[in-house]
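Reader: Hi! I'm new to reading structures and would love a close look at one small part of this one, followed by a walk through its surroundings.

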Amino acid sequence: MTYRPGRLGSLTRRDATTDDADPVAPMWRAAQVFRLLSYIYALGFQLAVFGDYDRVAWSWFLFAILTFWTGVSTILYLKGTGRRWLWVGIELVVVCALIVATRFIASPDWAASNQSFPTTLWATNAVVSAAILGGPLIGAAFGLAVRVASAVAKGGYDLNVGRDATVVVLLAVGVGVGLASVTARRNHVRIEQAMRVAAAADERARLSRQVHDGVLQVLALISRRGSEIGGETAQLAELAGQQERSLRRLIADIEPALVPGEPAEIDLRMLLRPHAGDLVTISEPGEPVPVDHRLAVELEAAVVNALENVRLHAGPGVRAYVLIEDLGEQVVVSIRDDGRGIAEGRLSQAVAEGRMGVSESIVARIEALGGTARLDTAPGEGTEWELEVSKRMAGGNASRSADDQRRGSAHA
């Protein structure tokens with residue numbers, strides 16, 4: 001599958017074991033360079049001390065196993081097929097077995113005063129592989145396992161790390177490489193997220209230009225000319241105007257991909273601007289008003305319900321005014337009209353009749369977000385809603401989606 005995210009370039013996905021799909025592939029390659037260098041060191045150590053072993057022939061047999069394992073592991077890790085827990089676990093067993101074999105090929109005194117047969121440097125390869133695959137805790141655990149095998153080979157463990165710092169080195173390698181692998185994977189996820197958002201933005205911009213150059217201009221012309229002609233044509237003009245506003249909202253609505261644990265934000269102004277029209281005026285700050293995306297969609301739905309109530313119940317030709325205020329951690333949206341207002345007791349009567357437009361579509365929706373919805377109205381004095389919510393989701397408060405609320409709402 002090939003993914004081309006516009007201006008940020010292209011990303012090609014192949015098999016999951018290839019370098020293109022593995023964010024820590026460079027670390028695997030670097031680990032094999034370290035494996036080669038550690039093998040050269042182990043070879044030099046073998047050439048220097050093999051005469052000290054009690055069983056020289058067996059030492060060369062074990063070194064042949066070490067050589068075979070080094071070659072096979074290098075190939076499999078570079079190809080990607082070895083980057084699995086089964087293979088890494090087998091590598092730990094092989095390394096520990098070679099370390100413990102020091103007691104078989106050398107005398108106890110020699111083993112106690114020298115490093116173990118395969119050398120600590122070569123044995124560190126198992127720690128590096130585990131840290132890349134599983135992170136710092138797994139890397140540290142493998143480091144401890146290698147150190148335990150070394151203690152068995154030497155017949156004991158010296159607690160004085162000033163004279164034997166092997167355990168410190170193994171733990172440092174496991175934790176350091178593990179943290180690097182975790183960071184690499186996290187950055188890989190963020191880069192892919194940025195590429196998806198950029199691709200969506202490019203596609204949205206392209207569609208926006210096409211719609212604006214064609215459909216929106218035609219709908220705007222029909223709306224304007226129909227209003228001028230009047231009569232039955234005015235109804236066609238009103239429908240065209242509604243569809244124009246819906247299309248403008250569609251191309252302005254931003255739907256960024258959500259990253260677990262990292263709530264996406266959206267400029268609230270972008271959601272509310274398309275609802276402006278001949279009878280609706282929207283006033284907004286000069287700077288963006290970033291709000292949690294899901295919260296913004298719910299807040300927009302409440303505003304839409306309030307504006308629809310103005311259109312249906314405030315009287316013919318009544319204007320509505322929407323004010324967006326950014327108060328730092330809070331955002332306030334006010335919807336005011338100069339219509340006939342709501343008579344005292346009318347809302348309670350509407351609820352009793354089963355008409356839940358105000359109580360559910362506005363008040364309950366805002367309260368579900370942890371905010372407040374205040375209504376100021378009187379007969380002949382118009383209506384004003386003040387919706388105040390936090391700009392961040394408190395965690396799952398918006399139990400119903402905006403679409404469900406729109407489908408289920410009935411206006412008071």
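What is the relative accessible area of arginine 311?

Author: Happy to help! Keep in mind that this is a predicted model. The relative accessible area of arginine 311 is 45%, so this residue counts as partly exposed. Buried would need under 20% and exposed over 50%, so 45% falls in the range between those two limits.

Now look at its partner. Arginine 311 forms a salt bridge with glutamate 308, and the closest N and O atoms of the two are 2.4 Å apart. Glutamate 308 is partly exposed too, since its relative accessibility is 24%. You will find both residues in helix H11, which covers residues 293–313. They sit 3 residues apart, about one turn of the helix. A general rule helps here: an α-helix has 3.6 residues a turn, so residues three or four places apart point the same way.

Let's move on to the other salt bridges. A search of the whole structure gives 12 of them. One joins the side chains of glutamate 284 and arginine 269, with an N to O distance of 3.9 Å. Glutamate 284 belongs to the loop between strand S4 (280–283) and strand S5 (290–292), while arginine 269 lies in helix H10 (residues 268–272), so this pair ties together parts that are 15 residues apart in sequence. The cover on the two partners is easy to read off as well. Arginine 269 has a relative accessible area of 9% and is therefore buried, whereas glutamate 284, at 30%, is partly exposed. Both residues belong to a network of salt bridges that links Asp267, Arg269, Arg273 and Glu284.

A further salt bridge connects arginine 336 with aspartate 338, where the closest N and O atoms are 3.2 Å apart. Arginine 336 counts as partly exposed, with 34% relative accessibility.

That brings us to strand S7, which spans residues 330–337. Of its 8 residues, 6 are buried, so the strand is largely enclosed by the rest of the structure. Which strands pair with S7? Strand S6 (residues 320–326) pairs with S7 in the antiparallel sense over 7 bridges. Aspartate 326 is found opposite valine 331 in that arrangement. S6 and S7 form a hairpin with 3 residues between them, and in its turn glycine 328 takes a positive phi of about 95°. Strand S9 (residues 383–390) also runs antiparallel to S7, and 8 bridges join the two. Here valine 332 stands opposite glutamate 388 of S9.

Next, compare that strand with a helix that is mostly covered. In H6, 12 of the 15 residues are buried. Among them are Trp122, Val127, Val128, Ile132 and Leu133. You can also check its length: at 1.5 Å a residue, the 15 residues of H6 (residues 120–134) should span 21 Å, and the end C-alpha atoms are indeed 21 Å apart, so the expected span agrees with the model. Just after H6 comes glycine 135, which has a positive phi of about 100°.

Glycine 134 gives a nice example of how far-apart positions can meet. Its C-alpha is 9.9 Å from that of arginine 84, although 50 residues separate the two in sequence. Arginine 84 is in the loop between helix H2 (56–79) and helix H3 (85–100). With a relative accessible area of 42%, arginine 84 counts as partly exposed.

Helix H2 also holds threonine 74. The C-alpha atoms of threonine 74 and alanine 31 are 8.9 Å apart, while 43 residues separate them along the chain. Leaving aside residues up to four places away in sequence, threonine 74 touches Gln32 and Arg35. Valine 33 lies in helix H1 (residues 25–49). Together with Leu36, Leu37 and Ile40, Val33 forms a nonpolar patch on the surface, with about 390 Å² of accessible area.

Finally, step back to the whole chain. The chain contains 14 helices and 9 strands. Of its 412 residues, 40% count as buried. Among contacts with a separation of 6 or more, 72% involve residues 24 or more positions apart. The chain exposes about 21,100 Å², and carbon and sulfur atoms supply 60% of that area.

Technical notes. Residues numbered from 1 in each chain as written. Predicted model: local features only at pLDDT ≥ 70, side-chain atom pairs only at ≥ 80, totals over all residues. Heavy atoms only, no water. Helix = DSSP H or I, 4+ residues; strand = E, 2+ residues; numbered from the N terminus. Expected span 1.5 Å × (residues − 1). Buried < 20%, exposed > 50% of the residue type's maximum accessible area, 1.4 Å probe, protein only. Pairing = 2+ DSSP bridges. Patch = residues over 30% accessible without salt bridge, like charges linked within 9 Å, V, L, I, M, F, W, Y side chains within 5 Å. Areas by Shrake-Rupley, 256 points an atom, 1.4 Å probe, with all protein chains shown as cover. Salt bridge = Lys/Arg side-chain N within 4 Å of Asp/Glu carboxyl O. Contact = heavy atoms within 4.5 Å.
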